[in-house]
Amino acid sequence: EEVTLANGTLDLVLNHGNTGNATVSVNAFGPATTATTNYTVAATDVTGELNHNSIALSSGTATLKDAGGNQPQVWTAATTLAANKDIVIDGVRPTISKINSTKAAGYYKVGEIIPILIHFTEAVSTTAANIVAATLETGSTNADAILTYGAFDDKTSATANYTVRTNDYNTSLTVNSIAVSNGQRVNDQAGNEMTSKAIPNGKNLADEVIDIFVDGVLPVDPGTAITMVSTGGNVVADKYNDTNTGVDFTVAIQTTDASLVQGTIQMKAKIAPNGWTSIGDPHTITDANKTAGSAVVSVLSAPIEGLTGFVTDAIIIIKATVTDIAGNATDWAESTNKLTVDVTRPTITSATSTTDAGLYNTADAINTTLGFNEAVTLSGGDLTITLNTAGTSTVAEADLSNASTISTTYTVSSGE
């Protein structure tokens with residue numbers, strides 16, 4: 001029947017759990033058989049089926065009467081809101097729950113790809129493609145990297161790939177901020193907009209995957225030429241001969257680049273016009289090498305003698321590839337120092353005399369001259385010839401240096 005509400009409001013308490021927005025009021029009306037008011041969903045209102053918990057007058061002076069002055073004795077509706085309509089209330093805005101990656105902690109070099117995942121508290125959709133952006137902290141040299149996320153629909157996470165750039169550097173990669181383009185939205189399935197783009201404390205990339213070490217800084221050649229010295233046998237500066245058993249190379253490195261420690265030095269060599277070949281095993285750079293600013297790399301004879309074009313008078317050219325612990329590699333400049341191959345052993349080609357043929361007596365002097373197939377140098381002793389007279393003659397002591405002939409005088413002794 002028709003009723004009239006006067007001197008107050010008729011209040012309905014709704015069941016969505018937000019006490020601050022639970023009461024909706026019907027203002028004075030009547031006489032009428034129906035009355036209407038509007039409920040506006042507020043943030044944090046949530047219920048799987050909207051209903052009213054109670055219906056009551058707002059104050060002791062408020063009245064709800066029919067034409068005969070009768071008031072309701074029972075304030076329970078015969079047909080409830082829930083029975084009338086299936087209304088689901090979702091007043092919870094989506095937020096970012098965490099940021100992580102499918103990559104593990106470790107070193108990442110230039111060109112490597114690291115997926116960056118943004119996770120949401122519930123399934124969300126974008127109003128357009130490429131409207132969500134993440135700014136990564138990639139060091140002070142480059143502008144921070146910005147990742148753009150494509151369109152996504154009803155997803156609880158979104159992924160974009162970050163590619164390490166030259167000079168990016170961060171010992172524990174993290175995200176500075178998340179942004180959404182002006183005029184665009186990220187919404188949950190109820191249409192609630194993600195108005196906060198804050199990353200929760202303790203839930204950033206550096207918290208979820210500790211120490212994704214981005215090292216986009218390439219090793220730098222300090223500019224000191226590689227030096228080398230043959231080892232084993234007869235060691236001659238700038239020469240490699242068939243008595244040598246290897247070569248020690250001294251390679252300069254930067255003392256300020258900590259990422260070189262546990263990196264490697266790979267020696268490379270060539271004999272023109274042939275190409276570069278790696279020789280020997282990579283040398284692992286130690287902290288002591290970094291402190292000293294150089295490392296000695298020892299290479300045995302086999303890979304050196306295996307170089308294409310390895311013959312006497314060939315020139316061995318040297319350089320090195322230096323790789324840091326992340327895998328970034330730089331070729332050091334070709335060294336101005338070179339090794340000349342000399343694997344032809346000297347031979348005595350002649351034994352002659354400038355003395356005329358004839359008969360010689362005791363105390364007579366006879367010249368003896370030795371000839372060699374190439375210039376030779378005597379070291380570590382004397383060069384002596386034994387004659388068929390049973391006599392001996394010292395041809396050279398320390399006076400034979402880079403000469404292809406050497407002469408001495410043999411004096412005939414008594415009894416010879």
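A polar contact here is a pair of N or O atoms within 3.5 Å; within protein, one must be able to donate a hydrogen and the other to accept it, and residues adjacent in sequence count only if both atoms are side-chain atoms. Keep that handy for the first stop.

Some ground rules: this is a predicted model, where local features need pLDDT of at least 70 and side-chain atom pairs count only at pLDDT 80 or more, while totals for chains, interfaces and linings use all residues. Residues are numbered from 1 along each chain as its sequence is written, and side-chain values use heavy atoms, with hydrogens and water left out.

**Stop 1: Asn204**

Select Asn204, in the loop between strand S17 (186-188) and helix H2 (205-208). Helices (H or I, at least four residues) and strands (E, at least two) are DSSP runs, numbered from the N terminus. Now show the side chain: there is a polar contact with the side chain of Thr174 at 3.2 Å, and the Asn204 side chain also reaches the backbone oxygen of Val175 at 2.8 Å. Is Asn204 buried or exposed? Its relative accessible area is 12%, so Asn204 is buried; buried means under 20% relative accessible area, exposed over 50%, partly exposed in between (1.4 Å probe, protein chains only). Apart from residues up to four places away in sequence, Asn204 touches Ile99, Thr174, Val175 and Ile199, where contact means heavy atoms within 4.5 Å.

**Stop 2: a mixed sheet and some rings**

Next, pick out S10, S18 and S15. They form an open sheet in the order S10-S18-S15, with mixed pairing; two strands pair if DSSP finds at least two bridges between them. Strand S10 (106-108) and strand S15 (169-170) are the edges, each with a single partner strand, so one side of each has no neighbour in the sheet. S15 and strand S18 (residues 212-215) run antiparallel and share 2 bridges; look for Asn170, whose bridge partner in S18 is Val214.

Then select Tyr107, Tyr169 and Phe213, which ring pairs link into a cluster. Rings of Phe, Tyr and Trp (its six-membered ring) pair if their centres lie within 6.5 Å; planes under 30 degrees apart count as stacked, over 60 as edge-to-face and the rest as tilted. That rule gives 4 aromatic pairs.

**Stop 3: an antiparallel sheet**

Head to S3, S2 and S6, an open sheet of 3 strands in the order S3-S2-S6 with antiparallel pairing. Strand S3 (23-26) and strand S6 (52-57) are its edge strands, each pairing on one side only. Strand S2 (residues 10-14) is joined to S3 by 4 bridges, and Leu12 stands opposite Val24 in S3.

**Stop 4: S19**

In a regular strand the side chains alternate between the two faces of the sheet. Try it on strand S19 (residues 227-231): Met228 and Ser230 are on the covered face, with Thr227, Val229 and Thr231 on the uncovered one. S19 pairs with strand S21 (residues 246-252) in the antiparallel sense over 5 bridges, and Thr227 stands opposite Thr250 in S21.

**Stop 5: Thr321, then Ile348**

Thr321 is in strand S26 (residues 315-323) and counts as buried at 11% relative accessibility. Its side chain makes a polar contact of 2.5 Å with that of Asp331.

For the last selection, take Ile348 in strand S29 (residues 348-352). Ile348 is exposed, at 52% relative accessible area. Draw a distance from its C-alpha to that of Thr323: the two residues are 25 apart along the chain and the atoms are separated by 49 Å.
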